[in-house]
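Me: I should like to go through the reasoning behind several labels attached to this structure. Please set each value against its criterion before drawing a conclusion.

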Amino acid sequence: MTRSPILNGASAKSALEFLAGGGEMGELIRSYDWGASSIGAPDTWSPTLRMMVRFLLANRFPLLLWWGPEYIQIYNDPYRPIPGSKHPRSLGQPANQCWAEVWDVIGPLIDTPFRGGPPTWSEDLELELNRAGFPEETHFTVAYSPVPDDTAPGGIGGVLATVHEITEKIVGERRIVALRDLGARASVAKTTDEACKAIAATLASHVKDIPFALLYVSDATGKRARLCASYGFPRDAHLGPADVDLLSEGGSSSWPLAAAARTGQMQVVDDISSKFGTVPRGPWADPPTRAVVIPIPSPSTQQFSGFLVAGISSRLRLDDAYQGFLNLATSQIASAIANAQAYEAERQRAEALAEIDRAKTVFFSNISHEFRTPLTLMIGPLQGVLDSNESLSDTAREQLTVAHRNSLRLLKLVNSLLDFSRIEAGRVQASYEPVDLATLTRDLASNFRSLAERAGLEFHVDCAALPEPVYIDREMWEKIVFNLVSNAFKFTLEGRIAITIRRSGGLAELAVADTGTGIPEKDLPHIFDRFYRVEGAQGRTFEGTGIGLALVHELVKLQGGAIRVESTAGKGTVFRVSVPFGSAHLPQDRIGAARSASSTALSPASYAEEAARWLSHQTLAPDEGSSESKSASPNSRARRRILIVDDNSDMRDYLGHILAGEYSVELATNGEEALAAALASPPDLLVSDVMMPGINGIELLQRLRTDSRTKQIPVILVSARAGEEARIDGLQRGAEDYLIKPFSARELLARVRASLQVAEVQREAHAALQTQMDELERFNRVAVGRELRIIEMKNEVNDLCLRLGEPRRYPLDFESESKEATV
Ligand code: ADP
């Protein structure tokens, strides 16, 4: 039935004066042709209906009145948006016509109260209303109450609906759940594929908002993307290619990934069934008709880490809220993918590092084996010659001793590396035996006593007997004690070293305490790492590899024990090693087992001897001062003086030995000493090690260059740091030359001679220049004197002329003339 619902008659209006007010709806209701409806003209309305309409128009809550058996609709302004495009036709319209699409749901809800039943109520009534040109997902909280009217048949005049639309709230909450699920489930994925699968699985339980989705992931070049996960349609449905070229816009039957990549914007795709054929229905009766393609940002690169193709619900408008939700979901997806990628990268990095570490271990293992053979073949014969009664000259004996000692030192280093690589490779073979740990430790420590005393350190050993033996590997315990004590000696310049053994909390505890340089707090967590060394640590020597403590750590673990360190920079350090009593904690098959691998143990003396070399020259040989001349020749005054600085006493002696043949040599054990010696009496040349504790070679050079007394001293730097860069660095800082270890005696001599020659030539040039300048000066003085004399003489001539009454021979300003005359 069609009719014009609006009546433009002033007379009808006047009949409705009782309906004054009521906003837009009041106006519409007053001008409506109610006479044509089944509830009749207003002047025939029952008092209840009149009262209800007045009540409804005065109310600010959305209210709708269904009146009479046809449920003719009357509603107020707040209700007005609910019917959407059905308004204004919905006014005065029978309810079953207005809400035909949902009549099967709401019809019975109205019927019940109208027919005398109880009021009906629904907190969330979900309706697919067709009020915006498409069936829309909507949600309402409704209460339908009967309106009693005595004039009506059955006593009920109609039904009052109190309606509150909650679509926004319901959909919004649902989306929050989706976002939360995405965050919780997808962000724990460990690979990109896992993350995509988790994202797809999560979204698949939120099909009302995203009925289907495809997740594409960009490759490293950012030029292609591959389909990583999807849901919402059968496997064989071709809703998207597996691989997409991001640089070409693609054909009509593909998603606009390239456009999304190019613009960085969400792309809306309409009428998707015309591109992809049948699109699955999803949760509603109709399939989605639109989809969007959203680029997924990457936190680390300019490119996008992927693209989300998301179906849009056929029951919702793609409004700001929907787009906002999709953007938030994309952000969650982006962070899930980024997390997974970071995790993957981290794992790959860790694997690569582990691989390098394994390779390093194998390398060390091989190389240390390789080193040990030639070293043994050097140490044996050297030892043989030194032990024999062969008559050797003092010089030869001294040189052979240096060679022997340093071969041993190298062997010790190589053994440490070998131990370490054996432990890493799980090839180490301990042999545990019950040991009187206190006595053993006391004996081991005693090897350092005389050395400590020579260095002026207090040396306390307090190893009272323990109640029971401790099972340990003797060789390994030796290395633990020697390494800790020699470190204490290396890093303690004054004060004391204390070694104690006692029972502590059911364990045997070894403590090696010193009052030395200490370890800065930031270095403590790394101190047991392989090759870790504290930068700029003040010790007796710069020598070291950073392997000692790492090895000690591993050896302690092999005893079933633990090691701790407490240290305060500048105050001192305590290393505590604790091992359990008994043998229950050890692998039983290694108790009293025989060793098959070659031993890497060295004599206790070799540790103490090495440490002895760190003592300054002075302390070792009281008859030789550290800066004393080593020249043998009595007329050494005439010789050039060379100052040698090196913290390694063997190297210092070696350099001194080579140069003492031709030069007068002075020795300094560190940068400070060298600086003081050079300032007190500048040498002709300085040879300095680069790596030294305290002032290193480079700093020494800089300080010498800033003082006029030492500015001109030529300096040769000696370093183990090979490579063109190190050399250029040294030379740029003003060193005359740079020598890389190892070098031959001839090379050193040649460089020293060359540097001295250059310095000599420069000195001569300076001297010649000075002489020339002096001569010039003298000549100048004579010339000026002559000129003054000429002026004097001219004055005398003029005077004589005056006395003779003759005119002056020379003008008064004769200076210019006189100059010409003298030219
Ligand atoms: P190395 O002595 O060859 O450098 P270590 O592994 O034995 O190697 O020691 C690593 C670093 O730990 C040392 O370079 C030093 O900086 C620090 N260190 C070890 N023992 C002590 C100590 N007793 N006092 C101060 N620093 C120490």
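Reply: Certainly. Please bear in mind that this is a predicted model. A convenient starting point is a pair of aromatic residues: Phe448 is buried, and Phe482 is buried as well.

Me: Which aromatic pair is edge-to-face, Phe528 with Phe575, and what makes it so?

Reply: The ring centres of Phe528 and Phe575 are 6.1 Å apart, and the planes meet at 75 degrees. Centres within 6.5 Å make a pair, and an angle over 60 degrees counts as edge-to-face, so the label applies to Phe528 and Phe575.

Me: Why is this pair said to tie together parts that are 47 residues apart in sequence?

Reply: Phe528 belongs to the loop between strand S16 (507-514) and helix H15 (548-558), whereas Phe575 belongs to strand S18 (residues 572-580); the pair therefore links parts 47 residues apart in sequence.

Me: Why does Phe528 count as buried, and why does Phe575?

Reply: Buried means under 20% relative accessible area. Phe528 has 16% and therefore counts as buried; Phe575 has 6% and therefore counts as buried too.

Me: What is the class of Phe531, at a relative accessible area of 33%?

Reply: Phe531 is partly exposed, because 33% falls between the limits of 20% and 50%. Phe531 lies in the loop between S16 and H15, and its phi is near 65 degrees, a positive value in a residue other than glycine.

Me: Where does Tyr71 lie, and why does Tyr71 count as buried?

Reply: Tyr71 is in the loop between strand S1 (63-67) and S2. Its relative accessibility is 5%, under the limit of 20%, so Tyr71 counts as buried. Phi of Tyr71 is near 55 degrees, again a positive value in a residue other than glycine.

Me: What makes Lys190 count as sitting over the ring of Tyr343?

Reply: The charged end of Lys190 is 4.8 Å from the centre of the Tyr343 ring. The distance limit is 6 Å, and the charge must also be within 35 degrees of the ring normal. Arg540 likewise lies over the face of Phe489, at 4.5 Å from the ring centre.

Me: How do you know that Glu666 and Arg641 are joined by a polar contact?

Reply: Their side chains are joined at 2.9 Å, and the limit for the N or O atoms of such a contact is 3.5 Å. Glu666 is placed in strand S20 (residues 664-668). With a relative accessible area of 13%, under 20%, Glu666 is therefore buried.

Me: Which protein atoms lie 2.8 Å, 2.7 Å and 3.4 Å from atoms of the ligand?

Reply: An N or O atom in the side chain of Asn487 is 2.8 Å from a ligand oxygen atom. A backbone N or O atom of Leu549 is 2.7 Å from a ligand oxygen atom, and a side-chain N or O atom of Thr573 is 3.4 Å from a ligand nitrogen atom. Each value is within 3.5 Å, so each pair meets the distance limit for a polar contact.

Me: How much of the ligand does the protein bury?

Reply: Taken alone, the ligand exposes 530 Å², and the protein buries 97% of that. H14, H15 and S18 are the elements that give two or more residues to the surrounding shell, and H14 gives the most, with three residues.

Me: How many residues surround the ligand, and what are their classes?

Reply: There are 21 residues around the ligand, and Asn487, Asp514, Arg533, Thr545 and Leu549 are the closest. The shell comprises 10 nonpolar, eight polar and three charged residues.

Technical notes
Residues numbered from 1 in each chain as written. Predicted model: local features only at pLDDT ≥ 70, side-chain atom pairs only at ≥ 80, totals over all residues. Heavy atoms only, no water. Buried < 20%, exposed > 50% of the residue type's maximum accessible area, 1.4 Å probe, protein only. Phe/Tyr/Trp six-rings, centres within 6.5 Å; stacked < 30°, edge-to-face > 60°. Helix = DSSP H or I, 4+ residues; strand = E, 2+ residues; numbered from the N terminus. Near = heavy atom within 4 Å. Polar contact = N/O pair within 3.5 Å; in protein donor to acceptor, adjacent residues only side chain to side chain. Areas by Shrake-Rupley, 256 points an atom, 1.4 Å probe, with all protein chains shown as cover. Nonpolar A, V, L, I, M, F, W, Y, C, P; charged D, E, K, R; others polar.
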